[in-house]
Amino acid sequence: MAKERLIMDVDPGIDDSLAILLALKSPEIIVEGITVVSGNVELHQATKNAMKAVDMSGAWETKVYKGMALPLVKEYIDATDTHGTDGIGENYFPVPSRTHEEEHAVDFILNTVRNNPGEVTLLALGPLTNIAAAIEKDVETMRKVKKLVLMGGTARHQGNCSAVAEYNFWVDPHAAEILFSSGIEVTMVGLDVTHKIVLTPNLRELINQFNNELSRYIFNITQFYVDFHWQQERTLGCVINDPLAVAILVNPSLAQTRDAHVDIVTEGKAEGQSLVDFGGVWTDGKTNAKVCMDVDARKFFELFLGRLFPEHADDIELVLEKQCFK
Ligand code: BDR
Ligand code: CA
């Protein structure tokens, strides 16, 4: 099978960092570049965090591009309450030795898609500001992406920023609306499925037992996230949203999708809500998205842990066998 040529748009972010690791350690994927946007933490720190995750993956040749610092219209609100003041669990790692590229993320996205029409997949794991800015600059080029998969929104599950809104759409609802009205078909990996991807205390302890540089990094950056989940919702462990979108790209059979028409509420009490109309009832059958509604959590963890720690395949299998999945 041909490899998936991918641009990852990220706001690291604890779970974004895990997603970068999974993508860079998956042989089915060629990461053409990583573009960064303000979200969980502001752009400069998020860029440093992306470079740290690249360093931890060992794929040192991967290039990182800085993008948009602020949402298109709305005032910027970070998620440092969830991810820590440095965006990766308050570890304050030394500044990475590498540096980011000079080219702006939006230009990198457009140039790469323009030069490879129909070949490049976009994977958006943060607020959609970079993607929307690229659409506003040259929508015809953006319509030549192979496909766009994103982590964001929710169809039927409760929101995580309000009763109805998920963080990535809520931070920049105008950007999300631009994407969903652009004619680009989107695969939406939202809270309906990501809430099932809990890195439980057991699985986290398994990673701890591997006791190498990568496992220590993951164990350390997730501690703050674990504490947040306990304080916020009495979940033991932490929900790791973003790597699920990578996993679904690698193996689409992990998730079940439904065709829908998605609109975004940009103002008022419900700002950031994704209005998911299954089958396009309000739009005469016209749909613009495939919305993930169910996922095989066990298969996800087989893939995620197996790719990150292939040398521990047997132990991973043994522990997953004993783990209880909802
Ligand atoms: C999304 O918001 C961010 O906090 C995470 O990185 C993820 O992309 C979950 O709502
Ligand atoms: Ca993210």
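Select the calcium ion (ligand 2) and display its donors, D11 (OD), D16 (OD), D16 (OD), L125 (O) and D242 (OD), at 2.3 to 2.6 Å. Donors here are N, O and S atoms within 2.8 Å of the metal (3.2 Å for Na, K and Ca); water is not among the atoms, so sites may look incomplete. Along the sequence, the spacing of the donor residues reads D-x4-D-x108-L-x116-D. Colour helices α1 and α12 next: D16 belongs to α1 and D242 to α12 (residues 242-250), and this pair, 226 residues apart, links distant parts of the chain. Helices (H or I, at least four residues) and strands (E, at least two) are DSSP runs, numbered from the N terminus.

The model is predicted: local features need pLDDT of at least 70 and side-chain atom pairs count only at pLDDT 80 or more, whereas totals for chains, interfaces and linings use all residues. Residues are numbered from 1 along each chain as its sequence is written, chains are lettered from A and ligands numbered from 1 in the order in which they are written, and side-chain values use heavy atoms, with hydrogens and water left out.

Move to ligand 1 and select its shell: D15, D16, N40, H83, L125, M151, N160, E166, Y167, N168, N241 and D242; a residue is near a molecule if one of its heavy atoms lies within 4 Å of it. This shell divides into three nonpolar, five polar and four charged residues. At least two shell residues come from each of α1 (14-24) and α7 (167-171).

Which side chains place an N or O atom beside an oxygen atom of ligand 1? H83 does so at 3.0 Å and N160 at 2.8 Å. A polar side-chain atom of N40 also lies 2.7 Å from an oxygen atom of ligand 1. The protein buries 96% of the 280 Å² that ligand 1 exposes when taken alone (Shrake-Rupley method, 1.4 Å probe).

Next, centre on P12 and G13, which are joined by a cis peptide bond with omega of about 0°. G13 is in the loop between β1 (4-10) and α1. Then select E90, a residue other than glycine whose phi is positive, near 55°; the loop that holds E90 runs between α3 (80-83) and α4 (105-115). Most residues other than glycine have a negative phi, and most peptide bonds are trans.

Finish at S181, in the loop between α8 (173-180) and β6 (186-189). A polar atom of the S181 side chain lies 2.5 Å from the backbone oxygen of E177, a polar contact being a pair of N or O atoms within 3.5 Å; within protein, one must be able to donate a hydrogen and the other to accept it, and residues adjacent in sequence count only if both atoms are side-chain atoms.

Technical notes: Ala, Val, Leu, Ile, Met, Phe, Trp, Tyr, Cys and Pro count as nonpolar, Asp, Glu, Lys and Arg as charged, and the others, Gly among them, as polar.
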